[in-house]
Every structure is written in structure tokens, then in C-alpha cells.
Amino acid sequence: MLLVTAPDAADAAAADQRRIFAAMSESSDDRDLVLVEVLGTAVRGASDGAAGLRRAYHLPVDRFTVILIGKDGGEKLRAQAPLSFATLSRTIDAMPMRRNGER
């Protein structure tokens, strides 16, 4: 899961991360990566509430943050700027479940 948080839906970094995610899904469907956005009080891509996700993942309300979460539920990568296609791909491809061919 790629978890993105921003103060609102108009946040430029969130829009950049959304574009990077879209490029990843077009080039490789086998990574099983889903995008969850917490934009202000709205959540896209999950049924959880914004406050609960912010608490669970220690997400700020006032700035952009992106977290890559593995299938094991563990945080694999966190950044305050959009993660590049190359960084995401490299990190995902290095995960044990991915290396073992599990999906």
C-alpha cells in the first residue's frame, strides 16, 4: 500500500505522487500496489477514517507525507516528498515476498 497524506486534495506533492503511482500501475500490474490518500478529512482508497489512519501511522495534518507499507503491514519507506518511480520499484522488488514470487 502507498499511503499519502496531505492537507487537502489540491496539494501539489500529493498530485505528483498520484501521477507517479499511475505510471507504476500502467507499466507493472504485478506489484499489487494500492494507493490510499488521506487528504484533509477525506480518505480515498480505503474505508478507514482520516483520523484513525493519521493516528495509526503518525501522519501529520499540515504537510505531505508518503509511506510505503508492505503486505506484512510494516512501514518500508517514509518520505516528506513524493517517492520516485525508481525508488518505489526498487524498494518493492527488494521485499522478501516479492523476491520469493509470492503475491
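**Group meeting: strand β1 and the salt bridges**

I start with a pairing: strand β1 and strand β4, residues 65–69, run antiparallel and are joined by 4 bridges. Within that pairing, L2 has L68 of β4 as its bridge partner.

Before going on, a word on confidence. This is a predicted model. The mean pLDDT of the protein is 89, and 88% of the residues reach at least 70. Broken down by element, β1 has the highest mean, 98, and helix α4, residues 96–99, has the lowest, 60. Where pLDDT is low, the predicted coordinates should not be read in detail. I will leave α4 there.

Back to β1, which covers residues 2–6. It also pairs with strand β2, residues 35–39, this time in the parallel sense and over 5 bridges. Opposite V4, on the β2 side, stands E37. Please keep E37 in mind.

How many of the residues of β1 are buried? The count is 5 of 5. In a regular strand the side chains alternate between the two faces of the sheet. For β1, one side carries L2, V4 and A6, the other L3 and T5, and these are all buried. Both faces of the strand are therefore covered, since each residue on either side falls under 20% relative accessible area.

Now the salt bridges. The structure holds 7 of them. One is between R18 and E37, with the closest N and O atoms 2.7 Å apart. That pair links distant parts of the chain: R18 belongs to helix α1, residues 12–27, while E37 is in strand β2, and 19 residues separate them.

Is each partner buried or exposed? E37 has a relative accessible area of 4%, so it counts as buried. R18, at 26%, is partly exposed. E37 is thus the residue opposite V4 and also a salt-bridge partner of R18.

Two further pairs. E75 and R78 meet through their side chains at 2.9 Å, N to O. E75 is partly exposed at 43% relative accessible area, and R78 is partly exposed as well, at 31%. As for networks, R18, E37 and R44 are joined into one by salt bridges that share partners.

The other pair is R63 with D62, a salt bridge at 3.5 Å, again N to O. Here D62 is exposed, with 59% relative accessibility, and R63 is partly exposed, with 44%.

To sum up: β1 pairs with β2 in the parallel sense and with β4 antiparallel, and E37 of β2 forms a salt bridge with R18.

Terms used: Residues are numbered from 1 along each chain as its sequence is written. This is a predicted model: local features need pLDDT of at least 70, side-chain atom pairs count only at pLDDT 80 or more; totals for chains, interfaces and linings use all residues. Side-chain values use heavy atoms; hydrogens and water are left out. Buried means under 20% relative accessible area, exposed over 50%, partly exposed in between (1.4 Å probe, protein chains only). Helices (H or I, at least four residues) and strands (E, at least two) are DSSP runs, numbered from the N terminus. Two strands pair if DSSP finds at least two bridges between them. pLDDT is the predictor's confidence in each residue, from 0 to 100. A salt bridge is a side-chain nitrogen of Lys or Arg within 4 Å of a carboxyl oxygen of Asp or Glu.
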